[in-house]
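Colleague: Please take a close look at the packing inside this chain for me, and go through the side-chain pairs and the confidence values that bear on it. I'd like one connected account, as I am deciding how to read the model.

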Amino acid sequence: MGIHIIRVPDIGEGIAETEIAEWFVKPGDLVAEDQPIAAMMTDKATVDVPTPVAGRVIALAAEVGATLAVRAELIRLEVAGEGNLGTEPQAHPAAAFAPVIKADPALQPSRPAATKAAPSRHTGAPLAAPSVRALARDTGVDLRLVTGSGPEGRILREDVANFDARAHSDRGPRLRDSVEEVRIIGLRKRISQRMQEASRVPHITIVEEVDASALEILRLRLNDRARSRPGTPRLTLLPLITRAIVQAVADQPMMNAHHDPDAGLVRRFGAVHIGIAAQTTQGLVVPVLRHAEALGLTETASEIARLADAARGGRATRDELSGSTITITSLGTLGALATTPILNVPEVAIIGINRMATRPFWTGSTFEPRKMMNISCSFDHRVVDGWDAAVFVQKIKDLLETPALLFVEP
């Protein structure tokens with residue numbers, strides 16, 4: 001038998017390190033060739049790492065949430081034959097292997113005998129794994145009242161399952177003073193890092209009211225016609241808004257750009273690659289509608305639906321989650337009256353779509369019920385002046401209020 005080392009793969013695009021998003025195996029597991037063993041996350045996508053050989057897991061390099069350099073040791077397997085330990089090239093010094101999860105208890109450092117804690121009616125956080133805490137929440141068990149039977153008083157799943165709440169019930173309401181620490185890992189960690197980068201950009205935000213009555217009538221009419229053509233996607237507002245953005249950036253190409261302050265450059269793009277912010281169970285991701293300037297309305301609707309489905313299902317590729325030149329963000333039916341969108345750096349503009357509602361509109365002689373919504377647009381104020389930003393927002397407003405212009409070549 002031998003030891004086979006699997007290292008963090010180089011997934012290209014100049015990425016030097018990745019984060020362990022999820023382990024699919026644990027020490028002692030038997031794995032087959034090409035079986036996924038871990039999910040590694042970059043700032044663009046999550047990639048499954050397969051094993052090139054079959055064997056038994058001996059040790060994992062780090063816990064979920066840890067960041068490892070490319071070519072660092074990721075996992076060790078016991079395999080038939082000699083393995084590759086001592087025969088493969090040396091990795092970067094930062095990639096030294098220090099396994100934190102081992103299979104063989106004999107490999108663990110000796111420690112004093114475990115002691116049981118007294119009933120944990122205390123104000124500190126009870127010792128319990130995240131899965132045990134989740135079980136306690138689901139079953140309504142207060143971990144502070146549970147006696148842990150594990151090492152050093154750690155509460156185990158069976159302790160929660162066997163807990164009799166009636167024997168520990170108190171009369172009257174019980175105060176809740178527990179504090180739970182939630183580690184920021186995976187996609188949420190990447191979002192946090194991106195928001196920190198964006199916080200260094202001086203934003204300017206313009207909110208404009210849009211009478212979307214004619215736009216909504218057009219959308220409903222187009223959907224009525226589409227019912228007679230099986231397979232035609234249902235139109236939301238997004239395809240119409242992307243069409244307005246394409247025409248608006250044709251007049252002001254500075255809005256369809258990336259700002260590189262270190263190089264002192266603004267890179268203006270001919271192609272309009274529109275990021276469509278989508279909420280998933282893991283957090284906010286931004287799949288990219290590529291070459292929106294070349295797509296028809298139906299093609300745009302189909303591609304937006306496909307990208308959103310891939311993002312929510314965790315199937316979006318790195319290419320589908322990178323390369324946007326300008327972004328749309330919307331909270332859909334949960335949208336507020338107005339929002340303050342945060343730039344998707346290094347982009348210089350983002351368009352926020354707020355909730356549509358029927359509101360009274362003064363025509364000059366009377367009030368009429370109209371479909372109204374606000375658009376909230378933020379800009380990188382280092383390279384976009386307030387006047388130019390206002391002109392851009394006004395252009396989008398005009399196109400949305402007179403939707404026939406969306407079908408006229410600029």
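Modeller: Let's begin with sequence separation: of the contacts in the chain with a separation of 6 or more, 65% are between residues 24 or more positions apart. Do keep in mind throughout that this is a predicted model. The chain is built with seven helices and 20 strands, and 40% of its 410 residues are buried. As for the outside, the accessible surface is about 22800 Å², and carbon and sulfur atoms hold 54% of that area.

Now to the interior, which is the part you asked about. The largest nonpolar core has 43 residues, and the members that touch the most others are Ile 245, Ile 326, Phe 379 and Phe 392. Helices and strands both feed this core: at least two residues each come from helix 5 (237-251), helix 6 (297-312) and helix 7 (386-401), and likewise from strands that include strand 10 (203-211), strand 17 (326-330) and strand 20 (367-380). Helix 5 is the top contributor, with eight residues.

Phe 379 is a good place to stand and look around this core. Setting aside neighbours within four places in sequence, its contacts include Pro 202, His 203 and Ile 204, then Met 255, Leu 343, Val 348 and Ala 349, and further along the chain Val 384, Ala 389, Phe 392 and Val 393. Phe 392 in that list is itself one of the four residues that touch the most other core members. There is also a second core, separate from this one, with 21 residues, among them Trp 23, Val 31, Ala 66 and Ala 72.

A polar residue deserves a stop here too. His 259 sits in strand 11 (residues 257-260). At a relative accessible area of 12%, His 259 falls under the 20% limit and so counts as buried. The His 259 side chain has two polar partners worth your attention: the side chain of Asp 380, at 3.0 Å, and the side chain of Arg 382, at 3.3 Å. Beyond four places in sequence, the contacts of His 259 include both of those residues along with Leu 265, Val 266, Pro 346, Val 348 and Val 383. Val 348 is therefore a residue you can follow from one site to the other with the 4.5 Å contact cut-off, as it is in contact with His 259 and with Phe 379.

Next, the charged pairs. Side chains of opposite charge can pair when their charged atoms come close. The model contains 17 salt bridges. One of them joins Arg 56 and Glu 78, with 3.2 Å from N to O. That pair ties together distant parts of the chain, since Arg 56 belongs to strand 6 (residues 55-60) and Glu 78 to strand 8 (residues 73-79), with their positions 22 residues apart. Arg 56 is partly exposed at 28% relative accessible area, and Glu 78 is partly exposed at 25%.

Arg 306 and Glu 303 offer a local example, with a salt bridge of 2.8 Å, N to O. Both residues are in helix 6, three residues apart, or about one turn of the helix. Here, too, the partners are partly exposed: Arg 306 at 37% and Glu 303 at 25%. Another salt bridge joins Asp 29 and Lys 26, whose closest N and O atoms are 3.2 Å apart. Asp 211, Glu 368 and Arg 370, meanwhile, are linked in a network of salt bridges.

One loop contact is worth adding. Gly 83 is in the loop between strand 8 and strand 9 and is partly exposed, at 31% relative accessibility. Its C-alpha is 4.6 Å from that of Gly 2, although 81 residues separate the two in sequence. Outside its neighbours within four places, Gly 83 is in contact with Gly 2, Ile 3 and His 4.

Finally, confidence. The mean pLDDT is 83, and 84% of the residues reach 70 or more. Among the elements, helix 7 has the highest mean, 96, and strand 9 (residues 101-102) the lowest, 58. Two stretches stay under 50: residues 91-96, with five contacts beyond four places in sequence, and residues 104-123, with 26 such contacts. Helix 7, with that highest mean, is among the elements that supply at least two residues of the largest core.

How values were computed: Residues are numbered from 1 along each chain as its sequence is written. This is a predicted model: local features need pLDDT of at least 70, side-chain atom pairs count only at pLDDT 80 or more; totals for chains, interfaces and linings use all residues. Side-chain values use heavy atoms; hydrogens and water are left out. Helices (H or I, at least four residues) and strands (E, at least two) are DSSP runs, numbered from the N terminus. Buried means under 20% relative accessible area, exposed over 50%, partly exposed in between (1.4 Å probe, protein chains only). Accessible areas come from the Shrake-Rupley method with a 1.4 Å probe; for residues, only the protein chains shown count as cover. A nonpolar core is a set of buried Ala, Val, Leu, Ile, Met, Phe, Trp, Tyr and Cys residues joined through side-chain atoms within 4.5 Å. A polar contact is a pair of N or O atoms within 3.5 Å; within protein, one must be able to donate a hydrogen and the other to accept it, and residues adjacent in sequence count only if both atoms are side-chain atoms. A salt bridge is a side-chain nitrogen of Lys or Arg within 4 Å of a carboxyl oxygen of Asp or Glu. pLDDT is the predictor's confidence in each residue, from 0 to 100.
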